Amino acid sequence: MRKVLILAKRELSAYFYSPMAYVVAAMFLLLVGVIFLWGVQIPFLKIEMEPVFRSGAESTLRPLFDVLAYGLAVVVPLLTMRLVAEEFRSGTIETLMTAPVTDAAVVLGKFIGAFVLYLLLLVATGVFFGLVVVFGKPDWGVAGMGYLGMVLLGAMYISVGLFASTLTRHQLVAGLIGIAILAFFTGGLYLVVQTVPAEYAQAVSKLNMITYFSDFSRGVFDTRGLVFFLTVTAFFLFISVKVLESRRWR
Amino acid sequence: MIDVKHLTKYYGRTLAVDDISFHIDAGSVVGFLGPNGAGKSTTLRILTCFMPATSGSASIAGYDVFKQSLQIRSLVGYMPENVPLYPEMRVREYLMFRAALRGMKSKQRSSAVDKAAERCWLVKPEDMMHRRIDQLSRGYRQRVGLADCLLHDPKVLVLDEPTIGLDPAQVREMRNLIRSLGEKHTVILSSHILAEVEQLCGKLIIISGGKIVAQGTPDELRRQVSGPSRVIVELKGGQPEQMAKAVADVDGVLDVQHNRAGNWTRLTVQGAEDADLRQDVAALVAAKGYHLRELRREIGSLEDYFVQMTYEQITRD
Amino acid sequence: MAIKQKKSVSDKPKNRDQKVSRRTAGLNVVISIAAAAALLIIVNVISNKKNYRCDMEVFGRYGLSDSAEKILEQIDQPVRLTSIYTSTRSDRKPQEYLPRLRDMMEEIARQKDNVTVVNVTSDRAKAEVLGRLRRVLDEAASDHRAIIRGAQVLDGKQGQQYDTLTRQWAKYRPGGWLEQFALPKEIEAVMRAGKNDLREMTMKLRQDLSASLPDYPDMVRRVEVTLAELQGRLVGVSSRLRHLSTVPERAKKQRQVLTSAAAAVKSALAKASACIGRENSPLPQDSLKVLKSFAVDIRAVADSAQLAATQLDRFAGDGYVRYARSWRHKKVSLPRLYRRISGDINNIADQAEGLIRPATKVADRQRFITDARQVVPQYLAAAGRVQTAVNTLLDELTKLDKHTQKIFAQAKQDNYLQAQIKPLAELLEQASKVKPLPEHLNELIEKINQDNIVLIEIGDKTGVIGFDEVWPLKAGQQASPGDKDNQQDKRVFHGDSALCAKMLSMTAEPFAEVVLTFFEDIPERSLPYQQQRPMVGPIPSPLLRTVRERLEKANLEVTEWNLFRKPGRAKESKEGPPLPKRKDCPQVLLILPPPEPSPMPRGMPQQGSQWSDAEVEKVRKVISRRTPAIFLTGFLRPRYMAGMTMPARYGFGDYLRKDWGIDVRTALRVIQTKPDSRAPGKFKLEVVQWNFMPLSSFTDHVIGKPLQVRRMYWYNACPITAVSDSKTGAIIKDILAIPKGRNEVWAISDIEAFIEKVEQRDPLEADPDSGDLIPPFAVAVEATKQIENEQARIIVLAVGESFTDYYLQNPVFKLSEDGTIAPEPPPVADVDLLINSVYHLVGRDEYIGAGPAIVEPIKQIAPGTMLNVKIIFGLAWPILMFAIGVVVMIVRKR
């Protein structure tokens with residue numbers, strides 16, 4: 001476990017020592033800021049969303065979270081794509097894997113590193129919540145559940161992104177795979193649900209990550225969501241370890 | 001110390017290491033010699049537990065490479081080819097990270113890093129410890145890689161092409177360093193340059209096409225190389241055929257080949273093992289009245305042998 | 001040391017080894033991943049079944065609201081909730097709309113042990129549920145079914161009879177007695193139609209009975225209509241025949257009279273004719289004398305013709321004789337002919353009498369005689385023809401054939417067609433006694449065939465909640481028709497309050513009776529030609545159907561109290577509101593603005609036909625006896641008379657002012673403008689806001705608090721202010737108020753001047769005039785007061801016509817950002833203000849806000865502040881992140 005933390009720390013420092021983290025963070029905050037303060041208006045795509053923060057609006061971050069649940073499906077893979085792919089590309093995987101650490105420790109360390117960065121990003125969105133607190137009277141239960149949902153959702157997204165990163169040595173490819181998987185399990189399944197017969201639709205919609213998140217975002221704690229997020233996260237970490245292993249004997 | 005038996009490794013359908021076996025004693029410097037793509041790196045990667053073999057077994061200090069990989073990893077120091085490092089880190093940060101990764105307590109860590117850095121000339125003559133790794137020259141990177149291997153004072157050091165890409169001065173320094181390391185550690189290094197290995201190593205293992213084609217001390221190998229002696233003569237003053245025939249008649253000569261070298265004729269005279277035919281040939285030349293330009297005995301070099309062995313291996317395949 | 005050269009073993013077997021080991025390794029990985037995936041699925045399936053759910057939201061919006069829990073607490077009967085979401089419509093897919101509802105239903109089931117939840121998603125399961133409901137319905141509708149069965153039996157029995165009758169009448173002997181009335185064909189048609197109508201009815205009944213839940217009341221209604229129509233026709237035939245059966249005898253009896261009357265005409269004419277002599281015979285010498293006797297004779301003719309006409313008429317009476325073929329001679333009826341003759345003859349008599357005087361010239365008399373000699377014989381001939389016609393008529397009427405005789409034998413005893421009529425009458429009698437179905441079953445029938453419904457069964461009651469109630473359209477998101485890409489309407493979940501409110505109204509006694517109190521004289525519908533205009537106030541009670549419906553859904557009952565009493569029917573006027581239907585059920589008056597007394601009353605001004613203080617006094621009495629009241633009022637349009645503008649007078653204005661210290665400024669109209677973004681301090685009038693004023697600045701008053709961010713629109717609202725130095729002792733609390741400093745809202749005093757002024761400006765710039773009222777003022781207030789140790793309470797809602805059906809059933813038009821005007825769903829949320837007011841007045845505050853609860857809104861943010869916020873948090877904050885990155889990079893670059 002100590003080694004996991006050491007690896008996580010290095011991973012985190014790698015984020016902070018490379019421009020990537022700052023670019024993504026700035027982009028992320030800009031995205032959040034735009035949704036929060038300006039709203040989204042894309043007439044072309046028929047997307048229309050009023051600013052979350054406006055006079056007379058409910059004082060809650062919920063609409064923001066609901067949009068971010070989709071937005072993060074793009075942002076998180078960008079953060080995680082380098083995790084393993086870059087090690088393979090630069091060859092550092094060789095020194096890393098010949099050090100006395102297990103594959104699981106490596107995967108877990110990288111996961112935690114990325115997760116802490118993600119948490120920091122979430123903390124950075126706290127200023128927006130602060131605005132809501134100052135100008136309105138938010139429901140703390142909803143806000144808390146929303147943030148809990150964001151944390152769990154993020155963990156799951158990161159595990160998926162990490163898994164994608166173990167599949168290839170090309171960062172960009174890893175990023176695209178991650179986005180594709182997440183896009184499928186968020187928005188894509190909505191399309192599937194609409195095409196499959198009703199008796200399967202029920203089961204299919206259970207696969208949708210957003211289904212569980214929306215419970216949290218509206219302030220309901222449900223063990224179903226908790227279990228779903230945690231088990232899916234664990235599952236993707238597990239298969240990441242397996243893929244990492246198999247990449248060595250292949 | 002290191003025992004390898006019937007090790008085989010396939011990359012997909014390509015055979016990289018083909019059933020090799022060897023043994024290395026503790027405290028020796030062993031050179032892995034072979035042309036590029038011979039399977040040196042693969043073997044070393046298997047030994048350092050980076051990848052499993054397809055079949056066969058290997059053990060280091062009694063630990064099985066496949067089953068006890070963590071123990072092996074903690075007693076082996078491995079410097080991969082091209083020395084991959086995290087570019088965004090500073091040297092000291094990197095070494096501290098590696099030390100921590102090797103499970104050192106934070107107290108030991110600093111001193112271990114200092115010690116290793118000093119041995120690898122990272123502190124003196126110039127302090128490179130706070131440089132970013134991506135700003136280091138190739139030589140320094142190599143030293144950082146080496147320092148990384150030495151952090152935990154490993155019993156076995158595995159260095160994959162440690163001198164590649166270094167300038168001559170750096171090569172010499174590196175060799176000295178490795179030599180000094182050989183006193184305390186078991187060192188396995190790979191190279192495709194014979195001369196380097198010949199100087200450094202107590203034992204050579206020559207690999208080609210995934211197979212061991214020869215192994216032994218340099219002297220043993222050299223002896224195998226020399227074989228029957230040859231004398232090279234360059235003459236003028238007669239028909240080449242005549243001259244060849246004349247030489248061939250000298251006692252102890254087994255075979256003569258001739259070819260032209262400008263106006264001169266070059267004869268390659270094969271004698272029996274250990275025989276020195278130079279005197280007899282010189283006497284003959286004097287007797288016949290030929291003009292003599294060169295007369296020398298040729299002894300087989302390890303280089304020849306290396307080339308020969310690896311060539312044979314390749315042609316045989 | 002020898003070179004150890006390993007001989008390479010042949011490649012083949014090794015390759016296989018290698019493959020095997022790779023395969024096993026690969027298989028291991030695959031198996032372990034599959035196992036992990038299986039574990040993942042199992043764990044999630046279990047967690048889906050046994051989950052713990054807890055709503056962290058303060059309002060518990062996504063769990064159950066407090067009011068929902070309170071409602072559930074009250075229910076002690078077992079409840080079954082069945083969602084029937086089987087729609088195949090693309091815009092109400094069950095997979096999209098069911099999960100949320102199911103969660104909520106399960107939440108209810110968790111909360112309450114005696115609630116069972118059933119989800120029906122397949123058509124088969126739906127059919128089962130419907131089968132069960134059908135049994136319930138069939139049992140409740142046994143009366144109806146008896147009628148329907150009776151109707152079917154009737155068709156079976158009588159179908160044949162009508163056939164026979166049709167055939168009988170078709171075969172009616174040509175030239176038979178009845179033919180002179182053209183009756184056989186007509187009766188045949190009646191019989192044929194009777195059969196067809198019955199068959200059609202039973203076919204339709206059979207078809208309706210095959211529906212999952214037949215609309216029994218409607219079927220009975222249709223049976224009644226069909227049978228009544230048929231009965232009417234049969235009775236018509238029967239009574240006609242009965243009447244006709246008396247004709248031959250009467251004809252026989254009257255024959256003497258009639259023929260002699262006809263003969264009298266003729267003989268009188270003959271006498272008169274003889275008197276003046278024949279044509280061409282020499283003119284009489286004493287023309288005066290001849291004329292004298294002629295005049296007498298000819299007058300007798302006229303009288304006898306008149307008598308004949310009268311006697312014929314008397315004979316025919318108002319019966320069917322008049323329809324007899326020979327009643328007419330050359331298309332003119334016989335009495336008429338006689339009257340004509342009588343009239344003409346009277347003329348001649350007049351002329352003759354005129355010439356009788358000695359002063360007349362002889363030549364004139366002689367000319368007259370000459371003429372008369374020509375004319376009178378013509379009348380004689382005519383009289384002869386008519387006499388023949390009369391005889392023919394009498395012949396035909398008396399000459400009864402045997403077949404008809406038989407029919408008449410029955411008809412005389414009132415028996416003809418009685419076999420058919422009697423069962424009809426009996427069934428109709430039975431149908432009129434059918435008890436109406438309970439209201440909830442009617443609702444069931446009405447709604448069961450909708451898509452996506454929720455069925456609530458409590459005890460023997462059933463309730464149905466439609467799709468739109470659970471998923472109402474979201475404000476501002478209604479898909480515009482024709483927009484194919486965005487056909488899907490956006491809907492919001494409202495199931496919690498919809499279900500719980502329904503369960504409440506199914507289980508609980510009504511909280512209160514809302515007594516609609518008004519002063520209206522609406523002429524009855526049965527007199528459409530009556531040119532009387534209805535007398536109603538600006539908010540007529542018939543236009544409050546939506547409000548009534550909503551009140552009933554909110555577990556309130558609605559009754560009426562019309563303060564108007566019809567002149568002369570003073571007894572009907574009541575001194576107080578109608579007694580509550582249930583004992584101890586509290587009442588709340590909902591008082592509509594009365595019509596203004598007309599300055600020029602039509603007809604005779606009568607006591608009570610005009611609004612007067614007497615009515616105010618009645619209301620005052622009720623209110624002071626602890627019955628709370630809600631006054632609905634608003635801006636009242638001024639009257640224009642003779643070029644003068646007269647401000648309208650609010651009937652209760654004085655009362656509210658004097659008794660409560662509340663000044664309802666009905667002459668002013670509240671308007672809302674928008675601050676002009678280009679010119680600070682100036683305001684622009686948005687045309688759509690004229691009719692749809694989005695004002696929801698509710699105070700924290702318990703009524704308004706849950707409505708603070710609801711989308712509500714008001715129309716013709718007027719301001720309410722407190723009377724200064726009022727000594728009424730009333731405590732007034734604002735509910736909907738415009739605080740001081742909200743410059744974009746004010747109340748205008750002169751609409752015409754205002755509009756004129758605004759129209760001249762571009763872009764519709766508006767500002768308050770000197771006579772206008774600027775905030776603070778209220779639009780809705782509550783007042784309490786002690787009257788003789790009793791607390792009297794009233795609420796005044798001056799939101800104008802915002803509760804009328806016109807307003808609540810039509811779309812709201814909203815100006816969108818791009819300047820187009822888009823329709824939005826109707827502002828039905830407005831009614832919540834009224835419902836909450838009633839709840840509050842009857843002490844049911846805990847049920848207020850059973851609708852979706854609201855998180856506190858974000859405060860009004862000044863544009864400047866907002867700009868700063870945007871710059872700091874929208875731009876500076878990400879840039880700061882970026883800058884930190886740049887700094888770190890520079891520091892690290894060494």
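**Where chain B meets chain A**

How many residues of chain B are in contact with chain A? In this predicted model, the count is 22 on chain B, set against 18 residues of chain A. Looking at the chain B side, two elements give two or more residues each: helix H2 (69-75) and helix H3 (91-101). H3(B) is the top contributor here, with four residues.

As for what kind of residues chain B puts against chain A, 13 are nonpolar, five are charged and four are polar.

**Chain B on its own**

Chain B runs to 317 residues, and 45% of them are buried. Its secondary structure adds up to 14 strands and 11 helices.

What about contacts between residues far apart in sequence? Take the contacts in chain B between residues at least 6 apart: 69% of these join residues at least 24 apart.

**The nonpolar cores**

In soluble globular proteins, nonpolar side chains tend to end up buried together. Here the largest nonpolar core has 219 residues, and the members touching the most others are C:Val588, C:Ala780, C:Val796 and C:Leu797. Helix H9 (residues 287-316) of chain C supplies the largest share of this core, with 13 residues.

Which residues does C:Val588 contact, leaving aside its neighbours within four places in sequence? They are C:Ala512, C:Val514 and C:Val515, then C:Pro628, C:Ala629 and C:Ile630, and finally C:Val838, C:Leu841 and C:Val842.

There's also a second core, separate from that one, with 169 residues. Among its members are A:Tyr22 and A:Ile179 from chain A, along with B:Val83 and B:Cys149 from chain B.

Notes: Residues are numbered from 1 along each chain as its sequence is written. Chains are lettered from A and ligands numbered from 1 in the order in which they are written. This is a predicted model: local features need pLDDT of at least 70, side-chain atom pairs count only at pLDDT 80 or more; totals for chains, interfaces and linings use all residues. Two residues are in contact if their C-beta atoms, placed from the backbone, lie within 7 Å. Ala, Val, Leu, Ile, Met, Phe, Trp, Tyr, Cys and Pro count as nonpolar, Asp, Glu, Lys and Arg as charged, and the others, Gly among them, as polar. A residue is buried if 20 or more other C-beta atoms lie within 10 Å of its own, exposed if 12 or fewer, and partly exposed in between; C-beta atoms are placed from the backbone. A nonpolar core is a set of buried Ala, Val, Leu, Ile, Met, Phe, Trp, Tyr and Cys residues joined through C-beta atoms within 7 Å.
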